[in-house]
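Please open the model in your viewer and keep the sequence panel beside it. The stops below are meant to be selected in turn.

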Amino acid sequence: MLRRNLLGLSKGVRTANQGARFTDAQTALLRRLQRFRLDQDLHMPQVSAIIKPEDIPSISNHSTRAPELILLYMPSDIDEDLRPTYWDAALAEMEAELRLACCADAVHDLRRQLHLRVYFNKLKTKNITGQR
């Protein structure tokens, strides 16, 4: 989600405050990516051989990509015939379950926001004052 927010913010940074928030969000995402790479090395050690240097997150190295563009090298990112070489089939299943849970959360959030919008529109219509 942070990655998606950064992609939206990068298109139109206008004020100094927005620029500072964008930089803070990029740094936070970069740190999360560094922790993810450590966990990835622990659970999927063979993947580190195929990670490109620009996809290794580093705060001090400015030759890396912007954090919102760094590839994660998840099981679904690798060709299906090469997957057994790099990780166990259970990891691919766990990724599918994780993506399904993220989709369910997004649908739940969308439903909640729509419910709130309907409630506020009904409240506004009920309490309208002034000329008609």
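Which backbone nitrogen does the side chain of Asp55 reach? Select Asp55 together with Leu71, and you will find that the Asp55 side chain reaches the backbone nitrogen of Leu71 at 3.4 Å. Bear in mind from the outset that this is a predicted model, so distances such as this one are computed from predicted coordinates.

**Overview and confidence**

Before going further into the loop, colour the whole chain by secondary structure, which comes to 4 helices and 0 strands, the elements running α-α-α-α from the N terminus on. Then switch to colouring by pLDDT: the protein chain averages 83, and 85% of the residues score at least 70. Confidence is lowest in helix H1, residues 2-9, where the mean is 59, and highest in H4, where it is 92. Where pLDDT is low, the predicted coordinates should not be read in detail.

With a surface displayed, the protein chain exposes about 10,400 Å², of which carbon and sulfur atoms supply 57%, while 20% of its 132 residues count as buried. If you list contacts between residues at least 6 apart in sequence, 52% of them join residues at least 24 apart.

**Around Asp55**

Return now to Asp55, which lies in the loop between H2 and H3 and counts as buried because its relative accessibility is 0%. Leaving aside residues up to four places away in sequence, Asp55 touches Arg37, Arg65, Leu69, Ile70, Leu71 and Tyr73. With Tyr73 the connection is between side chains, a polar contact of 2.9 Å.

Select Tyr73 next, which is found in the loop between H2 and helix H3 (83-86). Tyr73 is buried, with a relative accessible area of 8%, and its backbone deserves a look as well, since Tyr73 has a positive phi of about 60° although it is not a glycine. Most residues other than glycine have a negative phi.

**Lys52 and Ile70**

Still in the loop between H2 and H3, select Lys52, which at 41% relative accessibility counts as partly exposed. A C-alpha to C-alpha distance drawn from Lys52 to Ile70 comes to 9.7 Å, for two residues 18 apart in sequence. Ile70 is also one of the residues that Asp55 touches.

**Along helix H2**

Select residues 16-43, which make up helix H2, and draw a line between its end C-alpha atoms. At 1.5 Å a residue, the 28 residues should span 40 Å, and the ends are 40 Å apart, so the two values agree.

Which residues of H2 are buried? They are Gly19, Phe22, Ala25, Gln26, Leu29, Leu30, Leu33, Arg37 and Gln40. An α-helix has 3.6 residues a turn, so residues three or four places apart point the same way. Arg37, one of these buried residues, is also among the residues in contact with Asp55.

Arg31 lies in helix H2 too, but Arg31 is partly exposed, with a relative accessible area of 45%. From Arg31, draw a C-alpha to C-alpha distance to Pro57: the two residues are 26 apart in sequence and 7.9 Å apart in space.

**The salt bridge in helix H4**

For the last stop, move to helix H4, residues 89-126. The structure holds 1 salt bridge, which Glu95 forms with Arg99, the closest N and O atoms being 2.8 Å apart. Why are these two residues separated by about one helical turn? Glu95 and Arg99 are 4 residues apart in helix H4, which means about one helical turn between them. As for their surroundings, Glu95 counts as buried at 6% relative accessibility, whereas Arg99, at 45%, counts as partly exposed.

Note on methods
Residues numbered from 1 in each chain as written. Predicted model: local features only at pLDDT ≥ 70, side-chain atom pairs only at ≥ 80, totals over all residues. Heavy atoms only, no water. Expected span 1.5 Å × (residues − 1). Buried < 20%, exposed > 50% of the residue type's maximum accessible area, 1.4 Å probe, protein only. Salt bridge = Lys/Arg side-chain N within 4 Å of Asp/Glu carboxyl O. pLDDT = per-residue confidence, 0-100. Polar contact = N/O pair within 3.5 Å; in protein donor to acceptor, adjacent residues only side chain to side chain. Contact = heavy atoms within 4.5 Å. Areas by Shrake-Rupley, 256 points an atom, 1.4 Å probe, with all protein chains shown as cover.
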